[in-house]
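Got the viewer open? Let's take a short walk through this one, one selection at a time.

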Amino acid sequence: MSYKTFNQADFNPFSQPMFFGETVNVARYDQQKYSIFERLIEKQLSFFWRPEEVDLSGDRKDFIALPEHEQHIFLSNLKYQTLLDSVQGRSPNVALLPIVSLPELETWIETWAFSETIHSRSYTHIMRNVLTEPGKVFDDIVANPAIVARATSVTRYYDELIAQTQRYQTASDEWCSGPEGKKALRELKRALYLTMVSVNVLEAIRFYVSFACSFAFAERSKMEGNAKIIRFIARDEALHLTGTQHMLNLMAKGQDDPEMGEIAAEEQGTLVQIFKEAAEQEREWAKYLFKDGSMIGLNADILGQYVEHITDQRLAALGQQPLFGAPKNPLPWMDAWLQSDSVQVAPQETEITTYLVGAIHSDVDADALGDFEL
Amino acid sequence: MSQQRSDNRSTRKVTLFPQRDKTVLQQLEDQGFQIPYQCREGYCGACRMTLISGRIEEVGDPIAFCGANDILACSCKVVVDATVEFWD
Ligand code: FES
Ligand SMILES: [Fe+2]
Ligand SMILES: [Fe+2]
């Protein structure tokens, strides 16, 4: 049952399920089965930003002055973010576009993935500004065992879904409508559901852990241009995780596709397991980040607690019980950095007094301060 | 008023009264509660909490996912005395 770029079958385009119905033909948004996706598109478009607009000239000086173990934390975190957005910039398109059946959802997927390409471009912008040889850092993403291990776990479900879709879409129509084809389709739906869960984990947990590291530097007034970019990214990611939560919920309710509802019920344990494994992997990653020493305000322990906090929060959003006793956020300053109503302003600038302190300091050449520690 | 739901964290139930110019989030903040939020405009879901009783109305066309008994505190106002429950 091969993919059709413009499906010429006669069908009601508004009665299709989200996935595995007819392939989309006319890109029309006059009526929508799920207007939520149209609203997500509008919102994402209103967020449009360009990395080049963020000034990173201060970050280079900051980076050079960082102790070696903090440079390791900063760069490893940036490599991880680069990996995650490399995946997100293409995988929703490759994995989901061949199987999507609603025009508004198709366009949401494309809009979503496009915004991820902006994130990827921003990492190049950051590295070019901060490092003399950004190439080495990029090269290490495929060579460094700690990063490669992360890549395996974030792409596993995507790749499985893509492989199964390719097999299904290259089989004959006859086979697809027979008993084996029906069974294969059910397994394909299962692969889709688990992919959605793992995407939610990627964007709603793994990314937030990396945001914590980025903001921990800015909390100490270091790498603030970087933090500014990460705030734009965080605003986009909040929207993406909302999109995925909607899809997961529509699947679980079973009204969109009853078979998907059954699968969601069958895979409830797997869902929790995926969240649990991700939390463990993120805690392991925290140990790698801080292997040569921690930084003021953040260490492997605190980051591990944040992992547990954010994991339980995301589970609750999907109507699941907490895995770690729903601990409080151990990084109270995270909320201030994540706040997107003031995304153009650094949190400390919202407080007049500290803003003035910052204004005076910014006129002083960083070199003139020498070893002076604030 | 609080109910133990897990080993180290409890939830809190608070009853709010209609207030024209304040969202549920603002009302709770006025009472000194620290409610997590990210966007304050209904798209991130960080302020999601449970509505136990009463009635609220949505403001500002929120798009964050919200379960059947959930509300987005940043994007609703109390219409009829409402009891909400959230992690303390
Ligand atoms: S704070 Fe984002 S939805 Fe309420
Ligand atoms: Fe991204
Ligand atoms: Fe994303």
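Keep in mind that this is a predicted model. Start with the iron ion (ligand 3): along the chain, its donors follow the spacing E-x86-E-x33-E-x2-H. Show the side chains around the ion and you'll find the coordinating residues A:E116, A:E203, A:E237 and A:H240, with A:E237 listed twice through OE and A:H240 binding through ND1. The coordination distances run from 1.9 to 2.5 Å.

Now colour by helix. A:E116 sits in helix α4 (residues 103-130) of chain A and A:E237 in helix α9 of chain A, so the pair, 121 residues apart, links distant parts of the chain. Turn on the surface for these two: A:E116 counts as buried at 0% relative accessibility, and A:E237 is likewise buried at 0%.

Next, select the iron ion (ligand 2). It lies 3.5 Å from the iron ion (ligand 3), and A:E116 coordinates both.

Move on to A:K43, in helix α1 (residues 35-46) of chain A. What does A:K43 touch, leaving aside its neighbours within four places in sequence? The contacts are A:L239 in its own chain, plus B:E41, B:Y43 and B:I63. Then measure C-alpha to C-alpha to A:D236: you should get 9.3 Å, for residues 193 apart in sequence.

Last stop: A:D257, in the loop between α9 (224-253) and α10 (258-266) of chain A. Is this residue buried or exposed? With a relative accessible area of 11%, A:D257 is buried. Beyond its neighbours within four places in sequence, A:D257 is in contact with A:P17 and A:K189. Zoom in on A:K189, whose side chain makes a polar contact with that of A:D257 at 2.8 Å.

Definitions and conventions: Residues numbered from 1 in each chain as written. Chains lettered and ligands numbered in written order. Predicted model: local features only at pLDDT ≥ 70, side-chain atom pairs only at ≥ 80, totals over all residues. Heavy atoms only, no water. Helix = DSSP H or I, 4+ residues; strand = E, 2+ residues; numbered from the N terminus. Buried < 20%, exposed > 50% of the residue type's maximum accessible area, 1.4 Å probe, protein only. Polar contact = N/O pair within 3.5 Å; in protein donor to acceptor, adjacent residues only side chain to side chain. Contact = heavy atoms within 4.5 Å. Donors = N, O, S within 2.8 Å, 3.2 Å for Na, K, Ca; no water.
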